[in-house]
Amino acid sequence: MLDLSKFQSLGEALRAALERWPNEVCLIEADRERENTRITYRQFKDSALPLASAMQRDGFQNGTRAAILMTNQSKWLISAYAIFFSGGVLVPLDYKLPADEQLRLLAHSSAEFLVVEYHLWRAMMQTAEFKSMRARVVLVTEAPAKADLGGAERWEEYRDPSEPTFVPRTRKDAACIVYSSGTGGRPKGCVLTHENYLEQCIALTSLYPFWPGVHYLSILPTNHAIDFMVGFIGPFTCGATVVHLRTLRPEFIREAFTRYKITYMALVPLILKNLERGLRQRFAELSPGKRRVLNALVRVNKALTKNKPNLNLSRTLLKQVHQAFGGELRAFFVGGAFTEPSTLQFFYDMGIQVGNGYGCTEAGTAITLNDFKPFRADTAGKPLPGMEVKINNPDTEGVGEVTVRSKTVMSHYLDDPEMTAETIVDGWLITGDLGRIDSSGHLQLMGRKKNMIVTEEGKNIYPEDIERYFEGLPVKEFCVFAANYLWPARTMVGEQLVLVVHSENERPLTPEIIAEIGERNRHLANFKRVSGYLEWNRDFPLTASMKIKRLVLAEQIRADRERSQVVAL
Amino acid sequence: MKTLDQTTDEVLNLAAQHFKVPRDKLNSGDDFFKTLGINSLQALDLLTRLEQHFSIELPDYELQDVSDFRTLAERIQSRL
């Protein structure tokens with residue numbers, strides 16, 4: 001790989017990679033069984049530079065912010081390189097958010113340029129917020145020939161043949177603004193520097209190296225910190241190939257493994273569990289004799305890899321299992337949410353390593369990662385090289401709040417010095433998660449201190465963001481909490497939200513109000529729904545500016561109510 | 001050309017068959033994640049089954065923010 005310590009910026013590192021491996025394939029884009037694109041690093045450069053040139057012609061300069069709103073595909077990475085080449089700050093937006101929320105984040109980021117897929121742009125144009133859209137240049141990809149683009153330009157035609165100027169940036173300059181949450185009242189735009197990314201890449205590739213010939217399967221959204229690192233910066237600075245699959249259908253994911261001889265893939269627990277389920281089902285369908293043989297081979301593999309993995313041995317012993325994943329798979333990376341140890345163990349017993357770790361966008365992706373020396377399913381691994389992890393105020397069992405110090409920790413939250421000061425204290429990032437470090441240096445996660453949940457799909461949900469969907473409910477006041485925040489549980493599995501409702505004059509909720517709560521809840525995306533409601537009969541404690549004192553209210557609820565009193569919706 | 005009601009009815013029949021639930025337990029306004037007790041990947045599986053039945057191709061994004069049978073049927077109807 002390239003020696004990233006020599007580079008000042010992502011643009012500089014990527015530029016060097018394009019020169020170093022001109023004939024290697026850098027991108028393959030597949031949609032179901034069709035292959036849309038297959039390009040080399042040279043062709044990638046030839047696509048990106050005329051785009052950069054056109055952007056510079058239209059006033060793109062050092063520090064200009066540009067948002068990308070696309071599903072995983074080659075144009076995402078080509079556009080990102082054009083932005084970095086031109087000294088820009090990239091704002092990767094989540095394509096899975098509703099269009100009005102995307103527009104709010106776009107406005108918050110002050111991005112002047114927007115690169116967007118047609119179907120997402122069409123949805124944006126239909127919202128009330130569209131009128132106040134401020135992006136100066138909008139480039140729409142894959143728009144049908146006669147589509148109304150509302151003044152936007154076609155990405156495919158937006159080119160300038162003149163030579164663009166490479167704009168250098170320093171390590172401390174902002175590279176990206178990544179929204180970790182807060183699409184409601186208070187957007188959390190993590191400003192990550194070039195140094196944050198370069199250092200993270202050095203740390204991750206020291207454990208999981210890439211090289212020309214490695215095929216990384218990209219299905220997690222590229223706007224997500226994990227795929228941005230292991231599905232773009234990591235493989236590109238090592239001359240490897242990224243395979244974009246434009247569908248999440250399980251049957252096409254399975255097919256892609258064998259067709260593209262995948263080496264690595266990052267996924268969320270939900271997909272990993274789905275793969276586990278599929279394998280277990282296939283095992284159950286084996287004849288009793290074959291199943292006995294398989295179980296015996298798994299036992300042998302387990303015994304021989306107890307202390308450290310032996311990929312070649314596992315591939316020989318459990319050939320058919322490994323063949324089902326294409327025969328070249330070295331590891332899965334799982335992240336975005338907590339993964340159950342039994343799932344990690346299942347794959348390890350088959351000789352398939354799962355790089356399980358812990359991280360957050362604010363820390364520049366991963367903080368800890370499994371090092372397989374030996375494999376342990378019950379922890380989130382050890383701190384990556386360059387990461388210092390400290391437990392704040394540990395209790396008698398050593399459990400306290402996880403804090404991190406490293407060159408990968410973000411610079412600040414965009415336009416929010418108050419939240420930045422609460423989150424980064426004396427150089428330490430306060431994660432809001434609870435954990436302990438065991439005697440062998442592994443981090444064990446023990447729940448959350450902050451009022452939030454993470455779904456199995458890796459989505460961070462902040463209760464405050466859900467409250468706006470219940471605005472106007474005919475009750476005196478209401479508030480949404482993470483159930484585990486009200487009643488702490490030392491688990492990060494099956495987290496749920498609870499709506500706390502205080503009715504007028506402390507009267508019991510009427511069937512009409514309950515029906516309305518249910519109706520509003522049904523209109524939310526499934527991962528945003530509250531699991532139930534809790535009736536409360538006292539005024540909420542408020543600040544001088546009439547905001548709910550959530551911490552105090554949570555303490556009151558904890559003292560007065562039990563979790564079993566939550567009425568399921 | 002099928003009517004939206006016919007399409008919705010066929011969607012409900014196929015969903016019941018696919019996830020082995022009694023057809024009379026499903027209504028067009030139901031949230032399929034909740035009624036069927038499925039996650040987003042299982043919903044994609046259903047989408048594949050529906051594509052085969054209606055001989056259409058629906059990109060994954062068509063299912064984004066769709067959670068009831070009726071809206072799903074509308075998305076299918078627009079491609080028939």
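Helix H9 of chain A, in this predicted model, has 16 residues and spans 22 Å from its first C-alpha to its last, close to the 22 Å expected at 1.5 Å a residue. Its buried residues are A:Pro269, A:Ile271, A:Leu272, A:Lys273, A:Asn274 and A:Leu275. The cover over these buried residues includes elements of both chains: from chain A, H8, strand E12 (264-267), strand E13 (331-334), helix H13 (341-349) and strand E14 (353-360), and from chain B, helix H3 (40-54).

The contribution of chain B to that cover leads to the interface between the chains. Here 16 residues of chain A are in contact with 13 residues of chain B. On the chain A side, H8 and helix H9 (269-284) are the elements that give two or more residues. H9(A) supplies the largest share of this side, three residues. By class, the side of chain A that touches chain B consists of six nonpolar, five polar and five charged residues.

Within chain A, three domains are assigned: domain 1 (4-260), domain 2 (268-448) and domain 3 (462-568). The centres of domain 1 and domain 2 of chain A, taken over C-alpha atoms, are separated by 27 Å. Between them, 30 residues of domain 1 of chain A are in contact with 28 residues of domain 2 of chain A. The side of domain 1 that touches domain 2 receives at least two residues from each of strand E8 (174-181), strand E9 (188-193), helix H6 (194-207), helix H7 (225-236) and helix H8 (250-260) of chain A. H6(A) gives the most to this side, with nine residues. The residues on this side of domain 1 divide into 18 nonpolar, nine polar and three charged. H8 of chain A thus appears on the side of domain 1 that touches domain 2, and H8 also gives residues to the side of chain A that touches chain B.

Strands E12, E13 and E14, named above as cover for H9(A), also belong to an open sheet of nine strands in chain A, with the order E2-E1-E11-E10-E12-E13-E14-E15-E16 and mixed pairing. Strand E2 (34-40) and strand E16 (382-383) of chain A stand at the edges; each has a single partner strand, so one side of each is left without a neighbour in the sheet. Strand E1 (residues 25-31) and strand E11 (residues 241-245) of chain A pair in the parallel sense over four bridges. A:Leu27 has A:Val242 as its bridge partner in E11(A).

The largest nonpolar core holds 174 residues, and the members that touch the most others are A:Leu90, A:Leu114, A:Leu267, A:Val498, A:Leu499 and A:Val500. Helix H3 (residues 74-85) of chain A provides the largest share of this core, nine residues. A second, separate core has twelve residues, including B:Phe32, B:Leu36, B:Phe69 and B:Ile76. Returning to the largest core, A:Val498 touches A:Phe481, A:Ala483, A:Leu486, A:Val530, A:Ser531, A:Gly532, A:Leu534 and A:Val566, not counting residues up to four places away in sequence.

A further residue of chain A, A:Ile514, lies in helix H17 (residues 511-522). A:Ile514 counts as partly exposed because it has 16 C-beta neighbours inside 10 Å, whereas a buried residue would need 20 or more. A:Ile514 and A:Leu569 are 55 residues apart in sequence, and their C-alpha atoms are 8.9 Å apart in space.

Terms used
Residues numbered from 1 in each chain as written. Chains lettered and ligands numbered in written order. Predicted model: local features only at pLDDT ≥ 70, side-chain atom pairs only at ≥ 80, totals over all residues. Domains from an automatic or database assignment. Contact = placed C-beta atoms within 7 Å. Nonpolar A, V, L, I, M, F, W, Y, C, P; charged D, E, K, R; others polar. Core = buried A, V, L, I, M, F, W, Y, C linked by C-beta atoms within 7 Å. Expected span 1.5 Å × (residues − 1). Pairing = 2+ DSSP bridges.
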